[in-house]
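Good morning, colleagues, and thank you for coming. Please look at the sequence and the structure as they appear on the screen, and I shall then take you through selected parts of the chain.

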Amino acid sequence: MRARDLVAQIPTIAVDAPVVEAAHLMVERDLPGLIVLDELGRPFTILPGTQVLRLAVPHYCQDDPALARVIDEAHADEFLRALGGLTVRRALPDRPRELPVTDPDATVLEVAALMARTRSPLVAVVDAGRLLGAVTLNALMSRLVGA
């Protein structure tokens, strides 16, 4: 089995799109992340949902989860609303990571190794510079465990 056999069409997002738009796409489509496209429409990086959470959850709650317990739901909603003016670019890690991109002929094990190495829930599948879609963590795990 090859990457082309596991590829799924998933929505993409522009690097300068609102991060709230990315969050809505992930929720609506039940996706662990999105492929972020650069200004020329090429895969730029993967935006995992966890990066969006890192923006929404105050650093003091990330550093000391016990502090999150004392914040009521109304105030927690304010943190999510604060994402309103931010772009996808702002949600990306400060240091660029290896871009999880492969070709359609990559084996399942190659895709799994790339996903594990880059800690990405998606691997973009590109052929001759054209984005074909992505292999998701769920599709890969289903194949690996024979479900």
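I begin with D103. With a relative accessible area of 37%, D103 is partly exposed, because that value falls between the limits of 20% and 50%. Please bear in mind that what you see is a predicted model.

Where is D103 placed? D103 sits in the loop that runs between β4, residues 101-102, and α8. From there, the side chain of D103 reaches the backbone nitrogen of D105 at a distance of 2.8 Å. If we set aside neighbours within four places in sequence, D103 is in contact with A3, V125 and V126. There is also a pairing across the sequence to point out: D103 and R4 are 99 residues apart along the chain, yet their C-alpha atoms are 8.1 Å apart in space.

Let me now step back to the protein as a whole. The protein contains nine helices and six strands. Of its 147 residues, 38% are buried. Consider next the contacts between residues at least 6 apart in sequence: 54% of these join residues at least 24 apart.

I turn to the interior. In soluble globular proteins, nonpolar side chains tend to be buried together. Here, the largest nonpolar core has 22 residues, and those with the most contacts inside it are I13, A22, L34, I35, L47 and V88. Which elements each supply at least two residues of this core? They are α2 (19-29), β2 (33-37), β3 (43-48), α7 (88-91) and β5 (122-127). A second core, separate from the largest one, has 13 residues, and A3, V108, V123 and V135 are among them.

Within the largest core, I35 deserves a moment. Not counting residues up to four places away in sequence, I35 touches I10, P11, T12 and I13, then P43, T45 and I46, and further along L122, A124, L131, G133 and A134.

The loop between β2 and β3 holds D38. Is D38 buried or exposed? D38 is buried, because its relative accessible area of 13% is under the 20% limit. The side chain of D38 reaches the backbone nitrogen of L40 at 2.8 Å.

Next, the open space. Rolling a probe the size of a water molecule over the atoms shows where empty space is left. The largest pocket holds about 310 Å³ of space. Twelve residues line this pocket, and Q51, R54, L92, P93 and D94 lie nearest its centre. Two elements, α3 (49-56) and α7, give two or more residues to the lining. Of the elements, α3 gives the most, with three residues. What is the make-up of the lining by class? It has five nonpolar, two polar and five charged residues.

I should like to consider two loop residues together, R119 and A128. R119 lies in the loop between α8 (108-118) and β5, and A128 lies in the loop between β5 and β6 (130-136). The phi angle of R119 is near 55°, a positive value in a residue other than glycine. For A128, phi is likewise near 55°, again positive in a residue other than glycine. R119 counts as exposed because its relative accessibility, 73%, is over 50%. A128 also counts as exposed, with a relative accessibility of 83%.

Two helix residues remain. M141 is found in helix α9, residues 137-145. With a relative accessible area of 42%, M141 is partly exposed. The C-alpha atoms of M141 and V108 are separated by 9.9 Å, and the two residues are 33 apart along the chain. V108, you will recall, is one of the residues of the second core.

L67 is found in helix α5, residues 65-68. At 34% relative accessibility, L67 counts as partly exposed. Which residues does L67 touch, not counting those up to four places away in sequence? They are Y60 and C61.

To close, let me return to where we started. D103, in its loop between β4 and α8, has A3 among its contacts, and A3 is included in the second core. Thank you for your attention.

Note on methods: Residues are numbered from 1 along each chain as its sequence is written. This is a predicted model: local features need pLDDT of at least 70, side-chain atom pairs count only at pLDDT 80 or more; totals for chains, interfaces and linings use all residues. Side-chain values use heavy atoms; hydrogens and water are left out. A nonpolar core is a set of buried Ala, Val, Leu, Ile, Met, Phe, Trp, Tyr and Cys residues joined through side-chain atoms within 4.5 Å. Buried means under 20% relative accessible area, exposed over 50%, partly exposed in between (1.4 Å probe, protein chains only). Helices (H or I, at least four residues) and strands (E, at least two) are DSSP runs, numbered from the N terminus. Contact means heavy atoms within 4.5 Å. On a 1 Å grid over the protein atoms alone, a cavity is a set of points where a 1.4 Å probe fits but cannot get out, and a pocket is an open set with protein on both sides within 12 Å along at least five of seven lines; lining residues have an atom within 4 Å of a point. Grid points are joined across faces, edges and corners, and a volume is the space filled by probe spheres set on the points. Ala, Val, Leu, Ile, Met, Phe, Trp, Tyr, Cys and Pro count as nonpolar, Asp, Glu, Lys and Arg as charged, and the others, Gly among them, as polar. A polar contact is a pair of N or O atoms within 3.5 Å; within protein, one must be able to donate a hydrogen and the other to accept it, and residues adjacent in sequence count only if both atoms are side-chain atoms.
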